[in-house]
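Reader: Hi! Could you walk me through this one? I'd like to start with the helices.

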Amino acid sequence: MNDKLKIAFTIITYKRHLSLAKCLESINRLSNELIDFQVILVSNDPHDMEVEMIARQQLSKHPLIFAIEPKRGIPYARNKSVEIALNTNIDGIFF
């Protein structure tokens, strides 16, 4: 039985490759014996095919869920990330 706390980092991005890479590098360095981390990345640009590739290159230690929210705007992308998080059996969400 896994008693670890399950935490999801939700990241919303729109045309920010460099800052996304830095953010994911930082998350990738996290480790804790009591916590399982995962990342939910929502791109708000349906035409940017590099976002998922950048995420997979920078994030090797934690699971990644990637989604696209084509309707532009922070509320739509954030709602998409929460919707995904609520369907992944987690204990907490970080934005």
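**Helices and sheet**

Author: Happily! Helix α2, residues 50-58, lies across β1, β2 and β3, and runs at about 170° to β3. Contact here means heavy atoms within 4.5 Å. Angles run from 0 to 180 degrees between N-to-C directions of axes fitted to C-alpha atoms, for helices over the stretch in contact.

Reader: Good. What kind of model is it, and how are residues numbered?

Author: This is a predicted model, in which local features need pLDDT of at least 70, side-chain atom pairs count only at pLDDT 80 or more, and totals for chains, interfaces and linings use all residues. Residues are numbered from 1 along each chain as its sequence is written, and side-chain values use heavy atoms, leaving out hydrogens and water.

Reader: Thanks. Which strands does α1 lie across?

Author: Helix α1, residues 17-28, lies across β1 and β2 (35-43). Relative to β1, helix α1 runs at about 170°.

Reader: Nice. How many helices and strands are there?

Author: The chain has three helices and four strands. These are DSSP runs numbered from the N terminus: H or I with at least four residues for helices, E with at least two for strands.

Reader: In what order do they come along the chain?

Author: From the N terminus on, the elements run β-α-β-α-β-α-β.

Reader: On to the sheet, then. What is the strand order?

Author: The four strands form an open sheet in the order β3-β2-β1-β4, with parallel pairing. Two strands pair if DSSP finds at least two bridges between them.

Reader: Why is one side of β3 and of β4 left without a neighbour?

Author: β3 (64-68) and β4 (92-94) stand at the edges of the sheet and each has a single partner strand, so one side of each has no neighbour there.

Reader: And what does the twist average?

Author: From one strand to the next, the twist averages 25°.

Reader: Back to β4. How many bridges does β4 share with β1?

Author: β1 and β4 pair in the parallel sense over three bridges. Phe9, for instance, has Phe94 in β4 as its bridge partner.

Reader: Last one: what does the C-alpha trace span?

Author: Along its principal axes, the C-alpha trace of the chain spans about 40 × 25 × 15 Å.
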